[in-house]
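Please look through the sequence and the three-dimensional model before reading on. The report below is written to be followed with both of them in view.

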Amino acid sequence: MPEVSDHPAIDAEAEARIIRDFLRLTFRRFTETGDTYRSHWLGVPAIKYPTDLMMYQELIVRRRPDLIVETGTHRGGSALFLATICELIGHGAVISIDIGNTPDKQLPQHPRLRFVGGSSTDPDIVAMVHARAAELGQSRDDGAVAEVMVILDSDHRLLHVFEELETYAPLIRPGGYIIAEDTHVNGRPNWPEYGPGPGEAVALFLTRHREFQVDHACTRFAMTLNAGGYLRRRALEPNTAVDA
Ligand SMILES: C[S@@+](CC[C@H](N)C(=O)[O-])C[C@H]1O[C@@H](n2cnc3c(N)ncnc32)[C@H](O)[C@@H]1O
């Protein structure tokens, strides 16, 4: 076993190229073979890289959210994952919203998980989520507002993600997270023909909300579909001037 210092040095440029090529390779294999739909959590399909699920687990354990809001349910595997981790730590509930969540849709059942049908930006749904967060805040022992974590994985076009960020970010407490998924599209480095998507939405959002910053530690595994998409709220009021 060689010492770590025996490994050949890789400069920053080479490292960036390797990561980019690796993300292209994994995404191409996933899309060409349909393997994207073959990741499962407890038997339910989840469209996630395992490293991003690992990161969600770390954030849940660290932040102990009272409420996790997921936009974009698909088959429910990612929502079930979030509920499972909440169950393991004995805290938290999950709301997963999807325009395709109809009453007859087959979705996993879990006591900590509630599915909602409709658009994530529908004013009634947004009001319901905000009301639930307020309720959970009132039931906290410390009387603080609820700890909420939000994962955006629905319609990935720029305007929709931007609207979701504007809509749900006010729920995030200092130190908490809102995550814009699939920042890799539109040539970042995948799917160049996608058009403006989550990466562009995040960039626009950050120009208006300096109380949020990208937490690069959340993508330290490099294999992620959400590079630059893990946004952490700083301990600042909205629009406060801060040093970069
Ligand atoms: C990428 S899938 C979600 C994947 C799921 N989170 C997982 O990891 O397994 C995107 C989902 O967003 C839903 N969707 C599209 N537009 C939406 C909207 N405006 N509001 C809520 N859901 C939407 C689609 O029906 C689709 O099921």
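The following paragraphs take up a pair of helices, a pocket and two details of the backbone in this predicted model.

**Two helices in contact**

Helix α5, which covers residues 158–168, packs against helix α6, which covers residues 198–208, with the two axes 8 Å apart and at an angle of about 40°. Because of that angle, α5 is described as oblique to α6, and the crossing of α5 and α6 is right-handed. On the side of α5 the contact is made by Leu158, Val161, Phe162, Leu165 and Glu166, while α6 contributes Pro198, Glu200, Ala201, Val202, Leu204, Phe205 and Arg208. The residues of this contact of α5 with α6 divide into nine nonpolar and three charged, with no polar residue among them.

**A pocket**

The second largest pocket has a volume of about 150 Å³. Its lining is formed by Gly72, Ile97, Asp98, Ile99, Gly118, Ser119, Ser120, Ser154, Asp155 and His160, and these lining residues divide into two nonpolar, six polar and two charged.

**Two backbone details**

The table gives one backbone angle for each of two places in the chain.

| Place | Backbone angle |
|---|---|
| Peptide bond from Arg188 to Pro189 | omega near 10° |
| Arg64 | phi of about 45° |

The peptide bond from Arg188 to Pro189 is cis, and Pro189 lies in the loop between β7 (177–180) and α6. Arg64 has a positive phi although it is not a glycine, and Arg64 is found in the loop that runs between α2 (50–63) and β3 (67–71).

How values were computed:
Residues are numbered from 1 along each chain as its sequence is written. This is a predicted model: local features need pLDDT of at least 70, side-chain atom pairs count only at pLDDT 80 or more; totals for chains, interfaces and linings use all residues. Side-chain values use heavy atoms; hydrogens and water are left out. On a 1 Å grid over the protein atoms alone, a cavity is a set of points where a 1.4 Å probe fits but cannot get out, and a pocket is an open set with protein on both sides within 12 Å along at least five of seven lines; lining residues have an atom within 4 Å of a point. Grid points are joined across faces, edges and corners, and a volume is the space filled by probe spheres set on the points. Ala, Val, Leu, Ile, Met, Phe, Trp, Tyr, Cys and Pro count as nonpolar, Asp, Glu, Lys and Arg as charged, and the others, Gly among them, as polar. Axes are lines fitted to C-alpha atoms, for helices over the stretch in contact, and angles run from 0 to 180 degrees between N-to-C directions. Helices (H or I, at least four residues) and strands (E, at least two) are DSSP runs, numbered from the N terminus. Angles under 35 degrees count as roughly parallel, over 145 as roughly antiparallel, 65 to 115 as roughly perpendicular and the rest as oblique. A crossing is left-handed if the near helix is turned anticlockwise from the far one by less than a right angle, and right-handed if clockwise. Contact means heavy atoms within 4.5 Å.
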